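Welcome to a short set of exercises with worked solutions. Have the viewer open, try each task yourself, and then read through the steps.

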Amino acid sequence: MLDQRTIKSLAAEIGFDDCGIAACRHLTDNETRYRRWIERGWQSSLSYMERHADKRFDPRLLVNGARTAVVCAVAYKNRVSEGYPPEHCARVASYAVTTDYHTTLRQMLHRLLEALQSRNPGLRGRVFVDTAPLAEKQLAVEAGLGWIGRQSLLVTPRFGTFVLLGELLLADEADRYDSPLEGVGCGSCRRCIDACPTGAVSEERMIDTGRCISCHTVEQAPATEIDLHGWIFGCDACQNVCPHNLKAPMHRNAEFDPTFDPLAMEAADWLAMDQAAFEARCGATPLTRSGLDRLQRNILRNRRK
């Protein structure tokens, strides 16, 4: 049997800012809401979201014999998270100015898994970092890390929404499990809804990705073109106004220090950049997902508005 206190202590030593533990089960309520989102067509160009819904909401189908979900969070708030001047037309979401979190979190989670296996010989488990059909935000709620805000993101009491998640699914029980938080939430606040420049944030804690700037700048672009409002990769508009984010501390883990400063870069700097310069400055960041050509096209779209 896994010791809850040991898991959390090891997670903190490795550099995670928070860790919660939940029993693996079928997340029925969340699946119902998700299927309603799909029925409305709000997944737009994200056709992959339509697949594997059964696995997405039952972690036991992803790892045979999974009994325990360890949900780990790292806070990443940096200076870019506080927003851009109104005239800035080459905005990059603040999570994307650091080394790609998929790589960093995966390494940290493998260290945690290895440490647990050394203490629990024969323990089977699998690492997840946003690359498999796993309802990680809902698992984080189950593990007591926070709640789902109106902008559909996990909101944590201490770090707001500026957190990145990774999970271990383990084929053993823990001696204790965490419970969802009580007496917390967004209350009557609707700042994220009002701040979204394209109306992508709904009243029902769902995002219409066809209107979402992040989807248009990072994913396969939806069919209908929208105003990017100065963003060229991702969008922090709904996060910049969240009261929990305004009081959240800056990140502590040096692995999430920014590797470049988009606040100091004008549109002309991006347009003058060649592939070699892009790789030297941004090659380890999530911006490689879009590539320089697409970033430059997004800048030109912003200039046309």
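**Exercise 1. Take stock of the fold: how many helices and strands does the chain have?**

Step 1. The secondary structure comes to 12 helices and eight strands; helices (H or I, at least four residues) and strands (E, at least two) are DSSP runs, numbered from the N terminus.

Step 2. Before going on, keep in mind that this is a predicted model, in which local features need pLDDT of at least 70, side-chain atom pairs count only at pLDDT 80 or more, and totals for chains, interfaces and linings use all residues. Residues are numbered from 1 along each chain as its sequence is written, and side-chain values use heavy atoms, with hydrogens and water left out.

Step 3. Now the overall dimensions. The C-alpha trace spans about 60 × 40 × 35 Å along its principal axes. For 305 residues, a compact globule would have a radius of gyration near 19 Å, and the chain agrees with its 19 Å. This radius is taken over C-alpha atoms, and the globule rule is 2.2 Å times the number of residues to the power 0.38.

Step 4. Of the 305 residues, 55% count as buried. Here buried means under 20% relative accessible area, exposed over 50%, and partly exposed in between (1.4 Å probe, protein chains only).

Step 5. Finally, look at contacts, meaning heavy atoms within 4.5 Å. Among those between residues at least 6 apart in sequence, 74% join residues at least 24 apart.

**Exercise 2. Search the whole structure for salt bridges: how many are there?**

Step 1. Side chains of opposite charge can pair when their charged atoms come close. The criterion used here is a side-chain nitrogen of Lys or Arg within 4 Å of a carboxyl oxygen of Asp or Glu.

Step 2. The search finds 13 salt bridges.

Step 3. Begin with a pair inside one helix. E31 and R35 form a salt bridge with an N to O distance of 2.8 Å. Both belong to helix α2 (residues 28-39), where they sit four residues apart, about one turn of the helix. E31 counts as buried at 10% relative accessibility, while R35, at 40%, counts as partly exposed.

Step 4. Turn next to E173 and R67, whose closest N and O atoms are 3.8 Å apart in their salt bridge. This pair links distant parts of the chain, 106 residues apart: E173 is in the loop between β7 (163-170) and α6 (191-195), and R67 is in the loop between α3 (53-56) and β2 (68-75). E173 is partly exposed at 35% relative accessibility, and R67 is partly exposed at 45%.

Step 5. Then find R79 and D261, which meet at 2.6 Å, N to O. R79 lies in the loop between β2 and β3 (91-92) and D261 in the loop between α9 (243-246) and α10 (267-271), so their salt bridge ties together parts that are 182 residues apart in sequence. D261 counts as partly exposed, with 26% relative accessibility.

Step 6. Salt bridges that share partners also join R190, D194 and E203 into one network.

**Exercise 3. Examine V97 and N78: is each one buried or exposed?**

Step 1. V97 is in the loop between β3 and α4 (101-119), and N78 is in the loop between β2 and β3.

Step 2. V97 counts as buried because its relative accessibility is 0%. N78 is buried too, with a relative accessible area of 2%.

Step 3. Leave aside neighbours within four places in sequence and list the contacts. Those of V97 include N78, V80, P258 and T285. Those of N78 include V97, S94, M250 and H251.

**Exercise 4. Which residues does C282 touch, not counting those up to four places away in sequence?**

Step 1. C282 lies in helix α11 (residues 275-282) and is buried, with a relative accessible area of 0%.

Step 2. Its contacts are F260, W270, L287 and T288.

Step 3. As a distance check, the C-alpha atoms of C282 and T259 are separated by 7.6 Å, and these residues are 23 residues apart along the chain.

**Exercise 5. What is the phi value of D130, and where does D130 lie?**

Step 1. D130 has a phi near 60 degrees, a positive value in a residue other than glycine.

Step 2. D130 is found in the loop between β4 (125-128) and α5 (136-142), and is partly exposed at 42% relative accessible area.
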